[in-house]
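Please walk me through this protein–DNA model, beginning with its nonpolar core and going on to the surfaces around the DNA strands and the salt bridges. I would like the cut-offs behind each term to be stated along the way.

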Number of protein chains: 2
Amino acid sequence: MNVDSVAFAKAIADETRQEIMQHLCCVWLSVNDVVDKLGGKVNQPTVSHHLKKLEDAQLVLVRQEGRQRFYTLNQEQLTVCCGLLVRSFAPDYAAKVVPVDAIPVVEHE
Amino acid sequence: MNVDSVAFAKAIADETRQEIMQHLCCVWLSVNDVVDKLGGKVNQPTVSHHLKKLEDAQLVLVRQEGRQRFYTLNQEQLTVCCGLLVRSFAPDYAAKVVPVDAIPVVEHE
DNA sequence: TTGACATATTGATAAACGTCGATACAATGA
DNA sequence: TCATTGTATCGACGTTTATCAATATGTCAA
């Protein structure tokens, strides 16, 4: 049983967080940029809270610049985690879906 | 923003549930079989609760047989959900991960 | 240093969730 | 019919979590 895949699932198991992830896909945004993108759905401390959770799960990359912090989605980590899930829970599909050489070696059990 | 990927994440965002999924991978087990496999970690009503959550997310297939209900992991649904995640949140990697036979062949141009 | 701005942290609150014991429901066999 | 077995549901409880307002921390400019 792999604890990391539980941590990954918990990290993305929130609608607001996935919305933030969507906005951070392929672009770097400051915290306030994200707050603005969410259009008043939640306010700044909540966004910071979610970004911290995503950072803990290594699902975002962070770059400090002056007094701002820029975040972007870590696509590689997300891909790795999904690959892990498929390998663990869909072995019959793993070979078809994920190229073997792209799968990091998993340590578990 | 895709609601289904949030539902999927919530469904697998629990350690006990992932443990159950592990045991249901490639085999059919009755509820009590699962309870036994968990070796006293949780008891029967809790297992039923988790199986219902997994069933709601279509992550398990169910077969009634007499007074027993047999469950097995739905590997296809899990694969689909992971593919959805990668396409949504890792577009730069999606091309490598999506199965070749799922891509429609273009004959000309 | 002072003030303004960007972000993180804290404390409180309400909702969601996992778990349990007890019990209800359903199917089988005597 | 009744008793037994397998599973689901209910009600309660404690924990986790998302959210907010208020405040602290950190950075830069004047």
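The paragraphs below take up the core, the two DNA strands, the salt bridges and one histidine in turn.

The model is predicted, so that local features need pLDDT of at least 70 and side-chain atom pairs count only at pLDDT 80 or more, while totals for chains, interfaces and linings use all residues. Residues are numbered from 1 along each chain as its sequence is written, chains are lettered from A and ligands numbered from 1 in the order in which they are written, and side-chain values use heavy atoms, with hydrogens and water left out.

In soluble globular proteins, nonpolar side chains tend to be buried together. A nonpolar core is here a set of buried Ala, Val, Leu, Ile, Met, Phe, Trp, Tyr and Cys residues joined through side-chain atoms within 4.5 Å, where buried means under 20% relative accessible area, exposed over 50% and partly exposed in between, with a 1.4 Å probe and protein chains only. The largest such core has 64 residues, and the members that touch the most others are Leu24(A), Leu78(A), Phe8(B), Leu24(B) and Leu78(B). For Leu78(A), once neighbours within four places in sequence are left aside, the contacts (heavy atoms within 4.5 Å) include Phe8(A), Met21(A) and Leu59(A) on chain A, and Leu85(B), Val86(B), Phe89(B) and Ala90(B) on chain B.

Turning to the DNA, a residue is near a strand if one of its heavy atoms lies within 4 Å of it. Around DNA strand D there are 24 residues, of which His50(A), Gln44(B), Ser48(B), Arg69(B) and Tyr71(B) come nearest. Of the atoms of DNA strand D that come within 4 Å of the protein, 70% belong to sugar and phosphate. Polar contacts, which are pairs of N or O atoms within 3.5 Å (within protein, one must be able to donate a hydrogen and the other to accept it, and residues adjacent in sequence count only if both atoms are side-chain atoms), reach phosphate oxygens of this strand from Asn43(A) at 2.9 Å, from His49(A) at 3.3 Å and from Tyr71(B) at 2.7 Å. Helices (H or I, at least four residues) and strands (E, at least two) are DSSP runs numbered from the N terminus, and H4(A) gives the largest share of the surface near DNA strand D, with five residues. With Ala, Val, Leu, Ile, Met, Phe, Trp, Tyr, Cys and Pro counted as nonpolar, Asp, Glu, Lys and Arg as charged, and the others, Gly among them, as polar, this surface has five nonpolar, eleven polar and eight charged residues.

DNA strand C also has 24 residues around it, and those that come nearest are Gln44(A), Ser48(A), Arg69(A), Tyr71(A) and His50(B). Sugar and phosphate make up 70% of the atoms of DNA strand C that come within 4 Å of the protein. Base nitrogens of this strand are approached by side-chain atoms of Gln44(A), at 2.7 Å, and of Arg67(B), at 3.4 Å, whereas Tyr71(A) places a polar side-chain atom 2.7 Å from a phosphate oxygen. The largest share of the surface near DNA strand C, five residues, is supplied by H4(B), and the residues of that surface divide into five nonpolar, eleven polar and eight charged.

Over all chains there are ten salt bridges, each being a side-chain nitrogen of Lys or Arg within 4 Å of a carboxyl oxygen of Asp or Glu. One of them joins Glu55(A) and Arg69(A), at 3.6 Å from N to O, and links helix H4 with strand S3 of chain A across 14 residues. Glu55(A) is partly exposed at 30% relative accessibility, and Arg69(A) is partly exposed at 31%. In chain B, Glu19(B) and Lys41(B) meet at 2.9 Å; Glu19(B) lies in helix H2 and Lys41(B) in the loop between H3 and H4, so the pair ties together parts 22 residues apart in sequence. Here Glu19(B) is buried at 16%, while Lys41(B) is partly exposed at 38%.

Finally, His23(B) belongs to helix H2 of chain B and is partly exposed at 24% relative accessibility. Leaving aside neighbours within four places in sequence, His23(B) is in contact with Leu29(B), Lys37(B) and Leu38(B).
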